[in-house]
Amino acid sequence: MRNFFVAQGDKAFRGNQVYEWLWQKGAHSFNAMTNISKETRFLLDTYFVINHIAVDQMQRSSDGTIKNAVRLHDGLIVESVLIPTKSRTTACVSSQVGCSLDCKFCATSRLKRMRNLNPDEIYDQVIAIDKESRLYFDRPLSNIVFMGMGEPLMNYNNVLKAIDKITSSEGLKMSPKRITVSTSGVPKMIRKMADEEVKFKLAVSLHSAIDEIRTSIMPFNATFPLADLREALQYWYQKTKSRITYEYVVWKGINDTQTDVNALIDFCKFAPSKVNLIEYNPIDDGTFQQASDAAINMYVKGLERKGITVTVRRSRGKDIDAACGQLANKS
Ligand code: SAH
């Protein structure tokens, strides 16, 4: 931007002004840039477009959760979610339009992967939720999870650029410790993140620590089996010293036996970790069903006995299809 203005015979500083309008004030048009002269705004309009997102539809759950259907400049839609608790507001953002993985229990997997989101499209979802948090909850956004549509590690560069902006002093100045990237587990990319010594947190959607079972529900596991994932995670911990969170749903008749629990305990031994047992959010006719409380307790007891931290998570925003695995542009 600075070079552009210099070439136009204007001051380089003008570039900083425009940059500020774009990234800090979230301007959607050059006309909104009120400290810039009319002539310059006209010039900008001639040379550039601002491909901004627009919140097309906002739905509110009875539990306070908000889901945004976000329209991109080319008309495609992604969803992002604001999850409020007593003390926090968490943004759950998308990284791709649709998803190329085929997890059998996830509604997003039924949407074809159309394209990767650009860094600004990820950043702007965060900004939209920050604004909603200030408006409805009177506080800024406090945490971000990359648990919306898509596989963040298959859009690695753009996700990292967005996180850089979110954490930079020109952006939201948010601590990377408040950001979690969730992945189905792409070993090569986990190693890359480790090498780059990223400072955000890592969550892995595990759901089973037994290859045959994991492949049957996450076919992607056939290409990246658990042994490879485990090695990559060990490497991650060595490099970053950052504990890994495993996301895990327990389903009736799929992974609800003591053998499953033992396999998970074994898997957790390789690097300091924590298990989040998440409630299943039904998406179909009942192929998958939430396991019984007894099965959940068996997991909790088994893990705790081995000193592994485990939490049981209740779903938020289920009534508006905003919970884990329910993002599918239904409306
Ligand atoms: N592709 C990344 C980011 C999506 S995160 C990943 O897989 O981690 C979405 C989380 O919700 C994942 O942990 C996913 O396994 C989980 N999930 C998907 N469908 C679900 C459902 N129906 N009920 C509960 N959790 C689900």
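This is a short exchange about cysteines and one pocket in a predicted model.

Trainee: How do you know that Cys-92 is in no disulfide?

Mentor: Look at the sulfurs. A disulfide needs two cysteine sulfur atoms within 2.5 Å. The nearest cysteine sulfur to Cys-92 belongs to Cys-324, and it is 6.9 Å away. Therefore Cys-92 fails the cut-off of 2.5 Å.

Trainee: What about Cys-268, which is in no disulfide either?

Mentor: Its nearest cysteine sulfur is also that of Cys-324, here at 18 Å. The search of the whole structure finds zero disulfides.

Trainee: Why is Cys-92 called buried?

Mentor: Buried means under 20% relative accessible area. Cys-92 has 8% relative accessibility, so it counts as buried.

Trainee: And what makes Cys-268 buried?

Mentor: The cut-off is again under 20%. Cys-268 has 6% relative accessibility, so buried is the right word.

Trainee: Now the second largest pocket. How much space lies in it?

Mentor: About 520 Å³. The lining has 24 residues. Closest to the centre are Leu-22, Ala-27, Ile-50, His-52 and Asp-124.

Trainee: Which elements each supply at least two residues of that lining?

Mentor: Helix H2 (13-23), strand S1 (54-60) and helix H4 (119-137). H4 gives the most, with eight residues.

Trainee: How do the lining residues divide into nonpolar, polar and charged?

Mentor: There are 16 nonpolar, four polar and four charged. Take the residues closest to the centre, among them Leu-22 and Asp-124. Leu counts as nonpolar and Asp as charged.

Note on methods. Residues are numbered from 1 along each chain as its sequence is written. This is a predicted model: local features need pLDDT of at least 70, side-chain atom pairs count only at pLDDT 80 or more; totals for chains, interfaces and linings use all residues. Side-chain values use heavy atoms; hydrogens and water are left out. Buried means under 20% relative accessible area, exposed over 50%, partly exposed in between (1.4 Å probe, protein chains only). On a 1 Å grid over the protein atoms alone, a cavity is a set of points where a 1.4 Å probe fits but cannot get out, and a pocket is an open set with protein on both sides within 12 Å along at least five of seven lines; lining residues have an atom within 4 Å of a point. Grid points are joined across faces, edges and corners, and a volume is the space filled by probe spheres set on the points. Helices (H or I, at least four residues) and strands (E, at least two) are DSSP runs, numbered from the N terminus.
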